Amino acid sequence: SVNAARGIDISSSSTTNYVYNNTVYNVTDTGSAFHQYGIHNSSGTTIATNNYVGGVSAQSPGIGYDFYVSGGTMTQSYNISEDDTASGEGSQTLKAPVDQFVSIISGSENLHLKAGADCFNAGTDLSGTFTDDIDGETRPTGANTWDIGADEFTGNSPPTAPTTPYSNNDTAQSGQTNPINI
C-alpha cells in the first residue's frame, strides 16, 4: 500500500480526464512521512485547467507537490500553485493561500476568494462545459472573466460559516472541492 495523501488522484488510463475549476487546499502529512500531492496523475491523459492548489506539505523524507505526474500526461493551463508546479499558458506559481481566500485559519476555513486574489479573472472561459461555481452562482462568459478555483468572486460578502468538506464517497461535480479518486 502507498501511504500518501492526494487532493485529486487520477489513475484512469481508459479515458481523457478533465480537472476543471477546483480548489485543492491543505493536503498535509498525517504522520506517514510519505508523498502528498494536490493534483496527481499516475496514468492516462489529464487536462487540468483553472485550478488553485496550495497548502500541500509532507514530512521528510516525503515530498509535497501541488501538481505532480508520476505516469501518463497532464496538460495544464490557467492554474495557480503555491509552489512552482503550475505550468502551461496562463498559469501562475508561488501564490500563497493566505492571499487568495477569506480565511485559512484551521477550523474556520473559508475558501471563497477575497478581494485582490491572484485567482480573480485569471482563468479561461469554460462555459461550453459548465457555468456554475461551487455556490451555484453563474460564472460570466468572455475573455479574462473566469476566476481560477471553485469559487467565482462576486464582490458580495461570502458566507461566514466554513464550507462543509466532502468525503471520498461523494460524487464530484464540476467546481466542487472534494477529494476524489478517478
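I take contact to mean heavy atoms within 4.5 Å. I'm working on a predicted model throughout.

**Entry 1: cores**

I started with Ala 86. Which residues is Ala 86 in contact with, leaving aside its neighbours within four places in sequence? I get Phe 67, Gln 76, Asn 79, Ile 80, Ser 81, Ser 91, Gln 92 and Thr 93.

Next I pulled up the largest nonpolar core, and Ala 86 belongs to it. That core has 12 residues. Phe 67, already on my contact list for Ala 86, is a member too. The others are Ile 8, Ile 10, Val 19, Val 24, Val 27, Ile 39, Ala 48, Val 53, Val 56 and Met 74.

There's a second, separate core of 8 residues. Ile 80 sits in that one, and Phe 101, Ala 117 and Ala 122 are also among its members. I note that Ala 86 touches Ile 80, although Ile 80 is listed in the second core and Ala 86 in the largest one.

**Entry 2: the small sheet**

Ile 80 led me to the strands. I find an open sheet of 3 strands, ordered β3-β6-β9, with parallel pairing. Which strands stand at the edges? They are β3 (23–25) and β9 (80–81); each has a single partner strand, so one side of each lacks a neighbour in the sheet.

I then checked β6 (residues 52–54) against β9: the two pair in the parallel sense over 2 bridges. Tyr 52 has Ile 80 in β9 as its bridge partner.

**Entry 3: aromatic rings**

I searched the whole structure for aromatic pairs and got 8. Tyr 65 and Tyr 68 came up with ring centres 5.2 Å apart and planes at 0 degrees, so I log this pair as stacked. Buried or exposed? Both come out partly exposed: Tyr 65 has a relative accessible area of 30%, and Tyr 68 is at 26%.

I looked at Phe 120 and Phe 153 after that. Their ring centres are 5.6 Å apart and the planes stand at 90 degrees, so this pair is edge-to-face. Where do the two residues lie? Both are in the loop between β11 (110–113) and β12 (180–181), and the pair ties together parts that are 33 residues apart in sequence. Phe 120 is partly exposed at 38% relative accessible area. Phe 153, at 23%, counts as partly exposed as well.

One last item for the page: Tyr 18, Tyr 20, Phe 130 and Trp 146 form one aromatic cluster.

Notes
Residues are numbered from 1 along each chain as its sequence is written. This is a predicted model: local features need pLDDT of at least 70, side-chain atom pairs count only at pLDDT 80 or more; totals for chains, interfaces and linings use all residues. Side-chain values use heavy atoms; hydrogens and water are left out. A nonpolar core is a set of buried Ala, Val, Leu, Ile, Met, Phe, Trp, Tyr and Cys residues joined through side-chain atoms within 4.5 Å. Buried means under 20% relative accessible area, exposed over 50%, partly exposed in between (1.4 Å probe, protein chains only). Rings of Phe, Tyr and Trp (its six-membered ring) pair if their centres lie within 6.5 Å; planes under 30 degrees apart count as stacked, over 60 as edge-to-face and the rest as tilted. Helices (H or I, at least four residues) and strands (E, at least two) are DSSP runs, numbered from the N terminus. Two strands pair if DSSP finds at least two bridges between them.
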